[in-house]
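Please work through the exercises below with the sequence and the structure in view, and try each task before reading its solution.

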Amino acid sequence: METGLPHYLIVSALLFSLGLLGVIARRSLLVMYMSLELMLNAANLALVAFSRFNQNLNGQVMVFFIITVAAAEVAVGLALIVALFRKRQTSHVEDLASLKL
Amino acid sequence: MPQFTDLLFYAFAGLTLLFGFLCVANPLSRNPVTSAMFLVLTIISMAGLFVLLHAFFLAAVQILVYAGAVMVLFLFVIMLLDLKEEDRRKLNKTAVGLGSLAVLGLAGVLVRAMLAAKPVIAAGSKPVEGSTKELGRILFESYLLPFEILSILLLVAMVGVILLSKKDLK
């Protein structure tokens with residue numbers, strides 16, 4: 001069977017679900033953050049597949065922007081995690097249940 | 001007789017999903033470094049899928065920016081924070097089970113929707129190639145303003161990160 005748009009979309013959907021599983025099941029802030037990156041990548045894959053099969057490059061430009069924004073987001077997020085760790089000596093979400101530092 | 005590109009698709013898709021699974025739910029290790037390494041492998045397999053979709057520039061950017069820059073940042077932070085107690089923690093079995101069930105349901109719904117949908121494929125015109133030249137033209141003609149805004153966003157993120165990393169926020 002020739003690979004078409006549905007194949008790529010299914011891989012993307014499964015990858016997104018895996019990322020969601022990571023966010024739900026894992027309790028370490030860093031691993032949860034990595035799972036978020038996985039979900040972002042799944043969206044990228046869907047966009048590139050749509051772009052290819054609709055013969056329109058706009059989707060790929062969108063992915064380019066998403067990758068750049070994700071890089072900025074990772075930098076800020078990791079800085080926040082480091083700041084939090086400095087204050088509380090933990091990066092485990094169950095220890096970070098209080099609103100006040 | 002399946003074509004070679006189809007075989008490559010199944011290989012890369014399988015690798016992407018396998019490494020993705022090992023990244024989020026490795027049965028052997030709960031070490032964040034292991035997760036990070038498997039995330040790098042996931043991203044590299046996904047770059048293979050991008051090449052199969054003729055998005056060559058994005059495949060290169062994926063490896064350079066994600067596997068290169070972002071994951072190195074992740075590893076730096078993992079090494080910076082000394083995370084030893086993660087392995088000793090007990091997992092909340094009910095929470096993990098219920099979460100997996102919910103995620104499985106979502107995956108089922110998504111896959112059913114993808115299979116049921118009949119996406120309209122644009123016919124006629126020549127298939128697009130995601131080469132640097134084509135992408136650069138469209139980026140600097142139609143998307144010039146978003147591109148410039150993005151550079152400001154990167155500057156803001158940089159200043160923010162420097163401010164956040166200072167010892168005392170004064």
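The exercises that follow concern a predicted model.

**Exercise 1.** Describe the secondary structure of chain B and how its residues are packed.

*Solution.* Begin by listing the elements: chain B has six helices and zero strands, and from the N terminus on the order reads α-α-α-α-α-α. Turn next to burial, where 24% of the 170 residues of chain B count as buried. Finally, look at the contacts in chain B with a separation of 6 or more, of which 61% join residues 24 or more positions apart.

**Exercise 2.** State which domains are assigned to chain B and how far apart their centres lie.

*Solution.* The assignment gives domain 1, made of 1–84 + 124–129, and domain 2, covering 131–170. Taking the C-alpha centres of these two domains of chain B, one finds them 23 Å apart.

**Exercise 3.** Characterise the contact between chain A and chain B.

*Solution.* Count the residues on each side: chain B contributes 68 residues and chain A contributes 60 residues. On the side of chain B that touches chain A, helix 3 of chain B gives the most, with eleven residues. Sorting the residues of that side of chain B by type then yields 53 nonpolar, eleven polar and four charged.

**Exercise 4.** Compare the span of helix 1 of chain A with its expected span, and decide whether this helix is mostly covered or uncovered.

*Solution.* Helix 1 of chain A, residues 5–25, has 21 residues and reaches 30 Å from its first C-alpha to its last, which is close to the 30 Å expected at 1.5 Å a residue. A residue is buried if 20 or more other C-beta atoms lie within 10 Å of its own; by this cut-off 15 of the 21 residues of helix 1 of chain A are buried, and the helix is mostly covered.

Key
Residues are numbered from 1 along each chain as its sequence is written. Chains are lettered from A and ligands numbered from 1 in the order in which they are written. This is a predicted model: local features need pLDDT of at least 70, side-chain atom pairs count only at pLDDT 80 or more; totals for chains, interfaces and linings use all residues. Domain bounds come from an automatic or database domain assignment. Two residues are in contact if their C-beta atoms, placed from the backbone, lie within 7 Å. Helices (H or I, at least four residues) and strands (E, at least two) are DSSP runs, numbered from the N terminus. Ala, Val, Leu, Ile, Met, Phe, Trp, Tyr, Cys and Pro count as nonpolar, Asp, Glu, Lys and Arg as charged, and the others, Gly among them, as polar. The expected span of a helix is 1.5 Å times one less than its number of residues. A residue is buried if 20 or more other C-beta atoms lie within 10 Å of its own, exposed if 12 or fewer, and partly exposed in between; C-beta atoms are placed from the backbone.
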